[in-house]
Amino acid sequence: MRLLVIEDETALSEVIKAAFEDEKFEVDLAEDGQTGYLLGISGIYDAVVLDGMLPELDGYDVLRKWRQEQIHTPVLMLTARSELEDKLKGLGLGADDYLTKPFDMEELVARIWVITRRQGAVQLDHIEYEDLQLCLDSGMIRNTQNKQEVRLGKKEFQLLEFFMRHPGQTLCREQIAEKLWGYDCEAEYNNVEVYISFTRRKLRYIESGVMIKAVRGIGYRLEYGNG
Ligand code: CA
């Protein structure tokens with residue numbers, strides 16, 4: 001899971017970051033609305049914690065612009081004031097939840113888990129694509145036909161989860177690198193190929209028909225075929 005925290009009080013955002021890292025999230029921070037907005041349009045985040053009052057562009061504008069641009073990442077808004085008006089403003093714009101400052105960190109963690117699970121109708125402990133099953137708890141992949149299985153490394157798991165949540169869709173190299181290493185990851189583009197090749201080897205090992213196909217000049221796509 002990758003979380004974006006857009007909050008100009010750095011003391012608070014550091015505490016939020018630490019709390020979510022304990023939950024095994026990867027956390028990116030932005031201190032102003034404009035930077036946060038640009039990070040969010042990458043579409044790589046599973047959830048966003050968005051402060052209402054921010055420099056450059058306020059949180060409500062960030063959210064409105066994302067929703068206009070069809071970025072539907074779940075968003076929890078932090079409101080400094082307890083006024084109902086603020087909350088309604090946030091929810092009316094397409095926020096998934098809100099919390100009033102000051103708040104309990106455990107409450108924030110619990111609510112973020114809820115909004116990330118709300119994506120998709122039913123949250124399972126595994127995802128499936130054709131003959132391939134990825135177990136989200138153990139990080140094992142399994143061929144549902146021949147029952148062979150193997151464990152994935154952390155990056156292989158993140159990579160395959162990203163593909164399995166976007167089957168048949170071409171994912172560009174930059175998007176994959178950002179998903180695996182975060183936004184500031186220019187040096188990591190070459191590593192994408194390395195992890196793709198590790199992951200392909202494991203797919204072959206369990207004799208899955210699912211393949212990570214290279215799309216020339218763009219990136220990669222998850223496909224299924226017998227040949
Ligand atoms: Ca603020």
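Among the contacts in this chain between residues at least 6 apart in sequence, 57% join residues that are at least 24 apart. The model that shows these contacts is a predicted one, and its secondary structure comes to eight helices and twelve strands.

The overall dimensions can be read in several ways. Along its principal axes, the C-alpha trace of the chain spans about 60 × 35 × 30 Å. A compact globule of 227 residues would have a radius of gyration near 17 Å, and the 19 Å found for the chain agrees with that expectation. Of the 227 residues, 46% count as buried, while the chain as a whole exposes about 11600 Å², of which carbon and sulfur atoms supply 47%.

A reader new to the structure may begin with helix H1, which is made up of the 13 residues from 10 to 22. At 1.5 Å a residue this helix should span 18 Å, and because its end C-alpha atoms are indeed 18 Å apart, the expected and the computed values agree. Within H1, the residues Leu12, Ser13, Ile16, Ala19 and Phe20 are buried. Seen down the axis of the helix, the buried residues of H1 fall within an arc of 120 degrees, so they line one face of it. The general background to such a pattern is that an α-helix has 3.6 residues a turn, so that residues three or four places apart point the same way. On the other side of H1, by contrast, Ala11 and Asp22 are exposed. The helix is followed by Lys24, whose phi is positive, near 70 degrees.

The region just before H1 leads to the metal site. Here a calcium ion is coordinated by Asp8 and Asp51, each through OD, and by Met53 through O, at 2.1 to 2.4 Å. In sequence, these donor residues are spaced D-x42-D-x1-M. The pair of Asp8 and Asp51 links distant parts of the chain, for Asp8 lies in the loop between strand S1 (2-6) and H1, whereas Asp51 belongs to strand S3 (residues 47-51), 43 residues apart from Asp8.

How buried or exposed are the two aspartates, Asp8 and Asp51? Asp8 has a relative accessibility of 32%, and because this value lies between the limits of 20% for buried and 50% for exposed, Asp8 counts as partly exposed. Asp51, with a relative accessible area of 2%, falls under the 20% limit and is therefore buried.

Notes:
Residues are numbered from 1 along each chain as its sequence is written. This is a predicted model: local features need pLDDT of at least 70, side-chain atom pairs count only at pLDDT 80 or more; totals for chains, interfaces and linings use all residues. Side-chain values use heavy atoms; hydrogens and water are left out. Helices (H or I, at least four residues) and strands (E, at least two) are DSSP runs, numbered from the N terminus. The expected span of a helix is 1.5 Å times one less than its number of residues. Buried means under 20% relative accessible area, exposed over 50%, partly exposed in between (1.4 Å probe, protein chains only). The arc is that of the directions from the helix axis to the C-beta atoms. Donors are N, O and S atoms within 2.8 Å of the metal (3.2 Å for Na, K and Ca); water is not among the atoms, so sites may look incomplete. The radius of gyration is taken over C-alpha atoms; the globule rule is 2.2 Å times the number of residues to the power 0.38. Contact means heavy atoms within 4.5 Å. Accessible areas come from the Shrake-Rupley method with a 1.4 Å probe; for residues, only the protein chains shown count as cover.
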